[in-house]
Amino acid sequence: LEQDQFSEKFHPVGTKRRFPQCIIFGVRKCGTRALLEFIGLHPQVQNAEHEMHFFDEDEKYNLGLEWYRKQMPYSYPEQITVEKSPRYFITEKVPERISIMNSTIKLIVVLRNPTTRVLSDYTQVYYNKLAKGVTFQKIEELVIDPYTGEINTDYKAVRISIYHHHFERWLRVFKREQILIVDGDNLILDPVSEIKHVESFLGLEHYITQDNFYFNKTRGFFCKKQGSMEKCLGATKGRPHPGTHPSVIRKLNKFFKPHNEKLFKMINRTFKWS
Ligand code: A3P
């Protein structure tokens with residue numbers, strides 16, 4: 001039997017596929033996979049393994065909500081199903097579509113220093129191109145507009161990092177209290193403290209502790225530990241970023257500063273991004 005048919009036939013008694021009660025909706029390259037994997041250590045959480053892209057891709061959305069529910073993992077009644085698709089954050093139609101499914105759903109977004117996010121985004125695309133044997137522009141050529149010498153706001157990686165532009169759309173549809181913001185920079189340094197906020201937000205007992213993690217020196221990141229099982233995130237997570245001229249970093253920081261201020265006001269929280 002194929003994996004899907006197998007689980008369809010032999011799922012544990014008392015479990016069924018349920019709509020997610022929580023969605024991690026972004027932001028790409030801010031630590032969304034780490035967050036999903038880490039909160040999935042909680043016995044009362046069931047993760048959808050793959051990114052669903054149900055609400056952002058019309059072909060999938062048109063298949064209907066029942067189709068979406070059937071993509072979810074089996075769960076017990078007391079468990080919370082969580083799915084993550086980072087592109088939801090930037091896709092216009094998504095907040096409205098999610099609210100049609102469930103207007104009181106819990107939403108989580110991971111944010112990270114927007115400049116670091118640009119570098120991480122560039123790195124991801126760079127490696128993807130490299131794998132296909134395609135040469136790729138230097139980061140400076142993409143980030144800086146060659147005519148003005150200013151930040152190129154047509155570069156998608158820059159646009160995604162202007163968080164308040166996107167966040168505004170979410171706050172038009174959902175209440176601020178429905179959205180938990182996870183600090184992606186701190187998630188790297190101290191996953192347990194961020195996960196504790198998530199547990200509280202989801203109304204779960206605190207279960208995940210330092211014992212669920214160990215620091216992997218080779219990777220330079222925390223990895224999961226569950227009994228005798230140790231597991232780091234995939235090799236595409238936590239790769240070194242390309243060396244970038246300090247003047248470009250300064251320009252990015254300066255560019256994002258007023259945008260960050262707008263976001264902080266909007267979300268009623270500040271971050272030490274500079
Ligand atoms: P980099 O690869 O640029 O370092 P996403 O899953 O949303 O694509 O985010 C990827 C980022 O998650 C990585 O960006 C990495 O910095 C961050 N991350 C956070 N915690 C991590 C962990 N424990 N292991 C690996 N990467 C982690």
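Biologist: How far is the polar side-chain atom of Ser120 from an oxygen atom of the ligand?
Modeller: That distance is 2.6 Å. A polar contact here is a pair of N or O atoms within 3.5 Å. Bear in mind that this is a predicted model, where local features need pLDDT of at least 70, side-chain atom pairs count only at pLDDT 80 or more, and totals for chains, interfaces and linings use all residues. Residues are numbered from 1 along each chain as its sequence is written, and side-chain values use heavy atoms, leaving out hydrogens and water.

Biologist: Which backbone atoms lie close to a ligand oxygen, say from Gly238 or Cys30?
Modeller: A backbone N or O atom of Gly238 sits 2.7 Å from an oxygen atom of the ligand, and a polar backbone atom of Cys30 is 3.3 Å from one.

Biologist: How much of the ligand does the protein bury?
Modeller: The protein buries 96% of the 580 Å² that the ligand exposes when taken alone. Those areas come from the Shrake-Rupley method with a 1.4 Å probe.

Biologist: Which residues come nearest to the ligand?
Modeller: Of the 18 around the ligand, Thr32, Ser120, Phe222, Gly238 and His241 come nearest. A residue is counted as near if one of its heavy atoms lies within 4 Å.

Biologist: And what is the shell made of, by class?
Modeller: It has seven nonpolar, six polar and five charged residues. Asp, Glu, Lys and Arg count as charged; Ala, Val, Leu, Ile, Met, Phe, Trp, Tyr, Cys and Pro as nonpolar; the others, Gly among them, as polar.

Biologist: Which element gives the largest share of that shell?
Modeller: H2 does, with four residues. Helix H2 (32–39) and strand E9 (221–226) each supply at least two. Helices (H or I, at least four residues) and strands (E, at least two) are DSSP runs numbered from the N terminus.

Biologist: Switching to packing, at what angle do H2 and H11 pack?
Modeller: About 70°, with the axes of H2 and helix H11 (residues 191–201) 10 Å apart. That makes H2 roughly perpendicular to H11, a label for angles of 65 to 115 degrees. The axes are lines fitted to C-alpha atoms over the stretch in contact, and angles run from 0 to 180 degrees between N-to-C directions.

Biologist: Anything odd in the loop between E2 and H2, and what is phi for Lys29 there?
Modeller: Lys29 lies in that loop, and its phi is near 70°, a positive value in a residue other than glycine. Val27 lies in the loop between strand E2 (22–26) and H2 too, and a cis peptide bond joins Gly26 and Val27, with omega about 0°. Most residues other than glycine have a negative phi, and most peptide bonds are trans.

How values were computed:
Polar contact = N/O pair within 3.5 Å; in protein donor to acceptor, adjacent residues only side chain to side chain. Parallel < 35°, antiparallel > 145°, perpendicular 65-115°, else oblique.
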